[in-house]
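Welcome! Take a moment to look over the chains in the view below, and then read on for a short tour.

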Amino acid sequence: MAVSEQEILEGLGKIVNEITGIPASEVTPEKSFVDDLDIDSLSMVEIAVAAQDEFGVEIPDDQLKNLKTVKDVLNFIQA
Amino acid sequence: MRIPEVAAGAKILSFGHYQPANIVTNDDLAKTIETNDEWIQSRVGIKERRVAPANESEIDMAVHAGGKALAGSGLDASDIDLVIVASCTLESQIPNAAARVAHRLGIDSPGAFDVNAACAGFCYALGTASAAVRAGSARNVLVVGTEKLSQWIDWTDRATAVIFADGAGAAVVTASETPGIGPVVWGSAGDKFDAIIIKDRDSFLQQEGQTVFRWATTALHPVAKEACDRAGVDPADLAAFVPHQANLRIIEAIARKLGADNAVIARDIVLAGNTSAASIPLALSRMIERGEVQSGQLALLLGFGAGLAFAGQVVEIP
């Protein structure tokens, strides 16, 4: 069964909150991880690893650097 | 043919360490490269590190640390019949460091060789020393981890200059009726050979930070657990967890996943930086000196780094 974008967004918000302490409600599609949410490159790795566990989609490091916004990650997981 | 009567176990008699006097703070680095104290502390957890001057070599540091471990062991130099030096930053590849260190410590004609397993080097060398003692190939072994990373760093590259440092740590290993050094669990991931690399003699150390961080925070806690299992030790019974001092966030992630809930976690990186093969004996020797761990307690050592290589074992604190 396909997971909806809203469900992925909620799951991602929970992951970001657990790793960085940023409220899940701030994790919205248009936000940039680095510029808006102030998340560093190592935390992005932790988020990628947790997202893989949660959604079963591997986000390799060479792809990770291209995922600038929350929307980019949603698209990658859904692709 | 016959073999000597083998020892039931091996144990550590003593530790020793040495750091260069010169302290380099984050503010010092920020004067010449685009970085700042908050950035460094939040990403790697380092406040300051030691950097050896041009006239102090990795051999000099190994002699200082090895001499202290030898003095603490109660043995004479003549009792040592094997010297193993773990290092990946030697200025010269020929001759090896071990024979030079042995000579300067007055250890007469021991077996002497170097181990290069990068930041896992001390655990590899300790596992080898333990096996040599138990097999009857050596009676007493001096194991040293020494690094002068500063001579392989581009001091304008903030990705590496803020992390790496210089220092040495050492231990004396001897035979024991009861085991004081658990089985070593070791391995490697050569597919990631270029994640931490000095490409050639004209290059500096380079690191793929995200690749190493992902590997360290996902692949190593099972190794730590296996080292405990092989020694028959519950992680909850560890008094100390002394992982390679790579990055405070890696250290805390592995510690959390290991479940060493009652252990003092080594955080020597804060004041010592990442000293590769020296970091584990340096950290543990300083913890013993500060009284944070007591004789007879159990510590888990876990080395990991370039190779990629990893190794871990449980040891009894001398």
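Of the 79 residues that make up chain A, 24% count as buried. Please keep in mind as you explore that this is a predicted model.

What is chain A built from? Its secondary structure comes to four helices and zero strands. Read from the N terminus on, the elements of chain A follow the order α-α-α-α. The radius of gyration of chain A is 11 Å, close to the 12 Å that the globule rule gives for 79 residues, so chain A is as compact as a globular protein of that length.

Here are the overall dimensions of chain A in one place.

| Property of chain A | Value |
|---|---|
| Span of the C-alpha trace along its principal axes | about 35 × 30 × 20 Å |
| Radius of gyration | 11 Å |
| Value from the globule rule for 79 residues | 12 Å |

Contacts within the chain add to this picture. Taking the contacts in chain A between residues at least 6 apart in sequence, 53% join residues at least 24 apart.

Now let us turn to the partner chain. How many residues does each chain bring to the contact? Chain A brings eight residues and chain B brings nine residues. On the side of chain A that touches chain B, helix 2 (41–55) and helix 3 (61–64) of chain A each supply at least two residues. Helix 2 of chain A gives the most to that side, with five residues. Sorted by class, the side of chain A that touches chain B holds four nonpolar, one polar and three charged residues.

Definitions and conventions:
Residues are numbered from 1 along each chain as its sequence is written. Chains are lettered from A and ligands numbered from 1 in the order in which they are written. This is a predicted model: local features need pLDDT of at least 70, side-chain atom pairs count only at pLDDT 80 or more; totals for chains, interfaces and linings use all residues. The radius of gyration is taken over C-alpha atoms; the globule rule is 2.2 Å times the number of residues to the power 0.38. A residue is buried if 20 or more other C-beta atoms lie within 10 Å of its own, exposed if 12 or fewer, and partly exposed in between; C-beta atoms are placed from the backbone. Two residues are in contact if their C-beta atoms, placed from the backbone, lie within 7 Å. Ala, Val, Leu, Ile, Met, Phe, Trp, Tyr, Cys and Pro count as nonpolar, Asp, Glu, Lys and Arg as charged, and the others, Gly among them, as polar.
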